[in-house]
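User: I am new to this structure. Please walk me through it in short questions and answers.

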Amino acid sequence: MIVISLANQKGGVAKTTTNVNLSGIFAEQGYSVLIVDADPQCNSTLYFLDPNLPPNETLAAIYDGGITEQTVRQIIRPTRISRLDIAPGGFSLSARVWEIVQDKKSGLRIDEFVKQAAKHKKYDFVFIDCPPDIGIFTMGAFFASDYILIPIQPERLSVEGVEQLMMKVQEFWKIRGENKPQILGTVTTMFHGQNRSHKEWAPKIEEICGDLMLGVVHRSSAISIMSDAGKLLQEDRPNRKARPFQQHIKIAKKMLDRLKDNGELAATR
Ligand SMILES: Nc1ncnc2c1ncn2[C@@H]1O[C@H](COP(=O)(O)OP(=O)(O)OP(=O)(O)O)[C@@H](O)[C@H]1O
Ligand SMILES: [Mg+2]
């Protein structure tokens with residue numbers, strides 16, 4: 001099982017969009033995938049479920065006591081996509097923050113949950129959607145993760161956010177006592193070739209990220225239309241041939257190649 005957090009403290013850079021579409025692609029390619037929605041905004045959850053779930057059926061429940069097999073069964077649900085399950089987030093996650101800051105071990109809860117989930121079902125991938133900060137939930141997600149995938153919009157604040165995030169990850173290694181999670185790669189998102197700011201900041205991303213770059217997703221109305229409808233790109237037949245979906249497929253392939261190079265996945269699959 002490989003656990004990957006989608007993170008960038010900058011808001012609105014396509015963490016969720018990248019998370020759900022890549023998860024869907026991996027599931028379609030035969031991998032067993034779990035999305036963990038660790039963002040109180042619960043945007044990944046909105047693609048699959050009503051956000052008004054009872055708190056004990058969302059990730060909030062992991063902060064309410066011991067994480068047992070029963071807790072996991074209560075939280076994880078299948079989605080309409082084969083082989084893709086979700087541990088939904090919910091607005092109730094925000095309501096747990098006060099209890100969480102008082103509990104020294106709360107930072108380990110997502111990790112405990114993911115480990116229990118692995119007993120529940122043999123997942124190949126767990127994708128954790130993080131909120132736009134480096135706070136309690138993101139740190140908890142990092143504790144559970146092998147890798148971080150960073151979506152970056154080619155604009156100043158987003159690019160500067162990445163440099164800070166990379167420094168934070170190295171500080172985090174000291175807390176965790178091992179050089180984990182590693183940065184699996186970066187995805188340049190919402191790229192628009194005619195946008196002057198994008199033209200200016202895209203080379204800067206290359207300079208900072210170098211070989212970490214996995215690919216580019218152009219700005220596209222198909223993506224925003226599908227997101228608004230709560231649908232994955234793969235769910236619409238005409239979209240499957242179009243550039244946005246194909247760009248996601250390329251990124252997924254590069255991720256798999258990188259994981260195979262790292263000895264994380266059987267090279268034959
Ligand atoms: N390539 C794209 N082209 C056009 N719109 C996009 C693209 N990628 C994402 N969007 C839109 O941008 C908005 C923000 O995307 P998303 O919610 O994935 O960002 P986020 O980083 O998860 O945000 P937050 O920080 O709030 O969690 C959404 O409305 C989404 O539909
Ligand atoms: Mg999001």
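The turns below go from the overall fold to single residues.

User: Where does this model come from, and how many helices and strands does the protein have?
Analyst: The model is predicted. Its secondary structure comprises both kinds of element. The count is 12 helices and 8 strands.

User: What radius of gyration does the protein have, against that of a compact globule?
Analyst: The protein has 269 residues. A compact globule with that many would have a radius of gyration near 18 Å. The value for the protein agrees, at 18 Å.

User: What box do the C-alpha atoms of the protein fill?
Analyst: The box is taken along the principal axes. Its dimensions are roughly 50 × 40 × 40 Å.

User: What share of contacts joins residues at least 24 apart, among those between residues at least 6 apart in sequence?
Analyst: Burial gives some background: 46% of the 269 residues count as buried. Among contacts between residues at least 6 apart in sequence, the share joining residues at least 24 apart is 78%.

User: Which residues come nearest to ligand 1?
Analyst: There are 19 residues around ligand 1. They divide into 6 nonpolar, 10 polar and 3 charged. The nearest are Lys15, Thr16, Thr17, Pro132 and Ser227.

User: Which elements give two or more residues to the shell around ligand 1?
Analyst: Two helices and a strand do so. The strand is β7, residues 182-191. The helices are α1 (15-28) and α10 (221-228).

User: Is α1 enclosed by the rest of the structure or open, and how many of its residues are buried?
Analyst: A residue is buried if 20 or more other C-beta atoms lie within 10 Å of its own. By that test nearly the whole helix qualifies, so α1 is largely enclosed by the rest of the structure. The count is 13 of the 14 residues.

User: What distance separates the end C-alpha atoms of α1, and what span is expected?
Analyst: α1 has 14 residues, at 1.5 Å a residue. The helix should therefore span 20 Å. The distance between its end C-alpha atoms agrees, at 20 Å.

User: Which residue just after α1 takes a positive phi?
Analyst: Phi is about 105° there. The residue is glycine 30.

User: Where does histidine 248 lie, and which residues does it touch?
Analyst: Histidine 248 sits in helix α12, residues 243-261. It counts as buried because it has 23 C-beta neighbours inside 10 Å. Isoleucine 25 is 223 residues away in sequence, but the two C-alpha atoms are 8.1 Å apart. Leaving out residues up to four places away in sequence, histidine 248 touches Asn21, Leu22, Ile25, Val217 and Leu233.

User: Is phenylalanine 245 buried or exposed, and which residues is it in contact with?
Analyst: Phenylalanine 245 is also found in helix α12. With 24 other C-beta atoms within 10 Å, it is buried. Setting aside neighbours within four places in sequence, its contacts are Leu233, Gln234, Asn239 and Arg240.

User: Which residues touch the most other members of the largest nonpolar core?
Analyst: This core has 74 residues. Its largest share, 6 residues, comes from helix α7 (residues 136-144). The residues with the most partners in the core are Val36 and Ile128.

User: Which residues does valine 36 touch?
Analyst: Residues up to four places away in sequence are not counted. The partners are Leu59, Ala87, Ile110, Val114, Val126 and Ile128.

User: Which residues does alanine 144 touch?
Analyst: Alanine 144 lies in helix α7. It counts as buried because it has 23 C-beta neighbours inside 10 Å. Not counting residues up to four places away in sequence, it touches Val3, Ile110, Asp111, Val114 and Ile128.

User: What is phi of cysteine 42, and where is this residue?
Analyst: Cysteine 42 is in the loop between β2 (33-37) and α2 (43-46). It counts as buried, because it has 26 C-beta neighbours inside 10 Å. Its phi is positive although it is a residue other than glycine, near 45°.

User: What is phi of arginine 83?
Analyst: Arginine 83 belongs to the loop between β3 (77-78) and β4 (84-87). It is buried, with 20 other C-beta atoms within 10 Å. It is not a glycine, yet its phi is positive, at about 65°.

User: Which residues does a cis peptide bond join?
Analyst: Omega of this bond is about 0°. One partner, proline 181, lies in the loop between α8 (156-176) and β7. The bond joins lysine 180 and proline 181.

Key: Residues numbered from 1 in each chain as written. Chains lettered and ligands numbered in written order. Predicted model: local features only at pLDDT ≥ 70, side-chain atom pairs only at ≥ 80, totals over all residues. Near = placed C-beta within 6 Å. Helix = DSSP H or I, 4+ residues; strand = E, 2+ residues; numbered from the N terminus. Nonpolar A, V, L, I, M, F, W, Y, C, P; charged D, E, K, R; others polar. Buried ≥ 20, exposed ≤ 12 C-beta atoms within 10 Å, placed from the backbone. Contact = placed C-beta atoms within 7 Å. Expected span 1.5 Å × (residues − 1). Rg over C-alpha atoms; globule rule 2.2 N^0.38 Å. Core = buried A, V, L, I, M, F, W, Y, C linked by C-beta atoms within 7 Å.
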